[in-house]
Amino acid sequence: CYPEGAAAARIAGRLGIPFVLTEHATYLPRIFANRLQRARYLETVRRAVRVVTVTRMLSDELRAALGREVADLSERLTVIPNAIAVDDFPVVGPAARRPAELLWVGHRKPGKGIDTLLEAFARVHAVRPEARLRLIGASVEPTGDGHWERLAASLGIREAVAIEGPTDRAGVA
């Protein structure tokens, strides 16, 4: 939304075009901590006829952070999950898969429940030692993936967990 959304909202207003804001940012607290950025963000949200978020969690975060300052925000919030082009992920037979491999794709940050995932995987691994877990994506933590690696080690699953960097759709498929 910021700063591109703020500019687009102003232009749309001048042209009399309805403006729809689509928010998928995971760094909103950082934007809201800056007084000027927060003011511009609020201005942008107020100009939007609809505010679309890609997750219910993000919608709840916006409502909690801005609900008092944008009176009708709840009525304008809509959740539309990110779409996946299913044709990019063809179904393959068992011979072309790794049946004991679990895959998680996304930005690695605490709010996404990776701690819970690793704890759950430790239980799976205790029953199925051949199981493997791949985490694909980027860490948004300043310390990188150290937290996840230490947690996996403390759970006794470090060797069964692969923490990989981001890739494109073909790489995920």
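Colleague: Let's start with Arg134: is this residue buried or exposed?
Modeller: In this predicted model, Arg134 is found in strand S5. Its relative accessible area is 18%, and the cut-off for buried is under 20%. Because 18% falls under that cut-off, Arg134 counts as buried.

Colleague: Which residues is Arg134 in contact with, leaving aside its neighbours within four places in sequence?
Modeller: Some of its partners sit at lower numbers in the chain, including Arg98 and Glu101. Others come later, among them Ala162. The full list is Arg98, Glu101, Leu102, Leu103, Trp104, Ala162 and Glu164.

Colleague: Why is strand S5 largely enclosed by the rest of the structure?
Modeller: Strand S5 covers residues 132-136, and Arg134 is one of its residues. The strand is largely enclosed because, of its five residues, the number buried is four.

Colleague: Which strand do five bridges join to S5, and in which sense do the two run?
Modeller: The partner is made up of residues 101-105. Glu101 gives one example of the pairing, with Arg132 as its bridge partner in S5. The two strands run parallel, and the one joined to S5 is S4.

Colleague: Now to the other strands: how many bridges pair S1 with S2?
Modeller: S1 spans residues 20-23 and S2 spans residues 50-53. Leu21 has Val51 as its bridge partner in S2. The pairing is in the parallel sense, and the number of bridges is four.

Colleague: And which residue of S3 is the bridge partner of Val51?
Modeller: S2 pairs with strand S3, residues 77-79, over three bridges in the parallel sense. Val51 is the S2 partner of Leu21, and it has a partner in S3 as well. That partner in S3 is Leu77.

Colleague: What about Phe32: buried or exposed?
Modeller: Phe32 lies in helix H2, residues 28-33. Its contacts beyond four places in sequence are Arg38, Tyr41, Leu62, Ala65 and Leu66. With a relative accessible area of 13%, Phe32 is buried.

Colleague: How far apart in space are Phe32 and Val49?
Modeller: Along the sequence, Phe32 and Val49 are 17 residues apart. Taken from C-alpha to C-alpha, their separation in space is 21 Å.

Colleague: Is Arg123 buried or exposed?
Modeller: Arg123 belongs to helix H6, which covers residues 114-127. The C-alpha atoms of Arg123 and Leu155 are separated by 9.4 Å, with their positions 32 residues apart along the chain. The relative accessible area of Arg123 is 68%, and the cut-off for exposed is over 50%. Arg123 is therefore exposed.

Colleague: Where is Lys112, and what does it count as by relative accessibility?
Modeller: Lys112 has its place in the loop between S4 and H6. Leaving aside neighbours within four places in sequence, it is in contact with Trp104 and His107. At 37% relative accessibility, Lys112 counts as partly exposed.

Colleague: What separates the C-alpha atoms of Lys112 and Met57?
Modeller: Lys112 and Met57 are 55 residues apart along the chain. In space, their C-alpha atoms are separated by 9.7 Å.

Colleague: Stepping back to the whole protein, how many helices and strands are there?
Modeller: Read along the sequence, the pattern is α-β-α-α-β-α-α-β-β-α-β-α-β-α. It begins with α and ends with α. The totals are eight helices and six strands.

Colleague: What radius of gyration does the protein have, set against a compact globule of 173 residues?
Modeller: A compact globule with 173 residues would come out near 16 Å. The C-alpha trace spans about 60 × 35 × 25 Å along the principal axes. The radius of gyration of the protein is 20 Å.

Colleague: What share of the accessible surface belongs to carbon and sulfur atoms?
Modeller: Buried residues make up 31% of the 173 residues. The accessible surface comes to about 10900 Å². The share belonging to carbon and sulfur atoms is 56%.

Colleague: Finally, how far apart are the mean positions of the positive and negative charges?
Modeller: The protein has 25 positive charges and 20 negative ones. Their mean positions are apart by 5 Å.

Terms used:
Residues are numbered from 1 along each chain as its sequence is written. This is a predicted model: local features need pLDDT of at least 70, side-chain atom pairs count only at pLDDT 80 or more; totals for chains, interfaces and linings use all residues. Side-chain values use heavy atoms; hydrogens and water are left out. The radius of gyration is taken over C-alpha atoms; the globule rule is 2.2 Å times the number of residues to the power 0.38. Buried means under 20% relative accessible area, exposed over 50%, partly exposed in between (1.4 Å probe, protein chains only). Accessible areas come from the Shrake-Rupley method with a 1.4 Å probe; for residues, only the protein chains shown count as cover. Lys and Arg count as positive and Asp and Glu as negative; His and the chain ends are not counted. The place of a charge is taken as NZ of Lys, CZ of Arg, CG of Asp or CD of Glu. Two strands pair if DSSP finds at least two bridges between them. Contact means heavy atoms within 4.5 Å.
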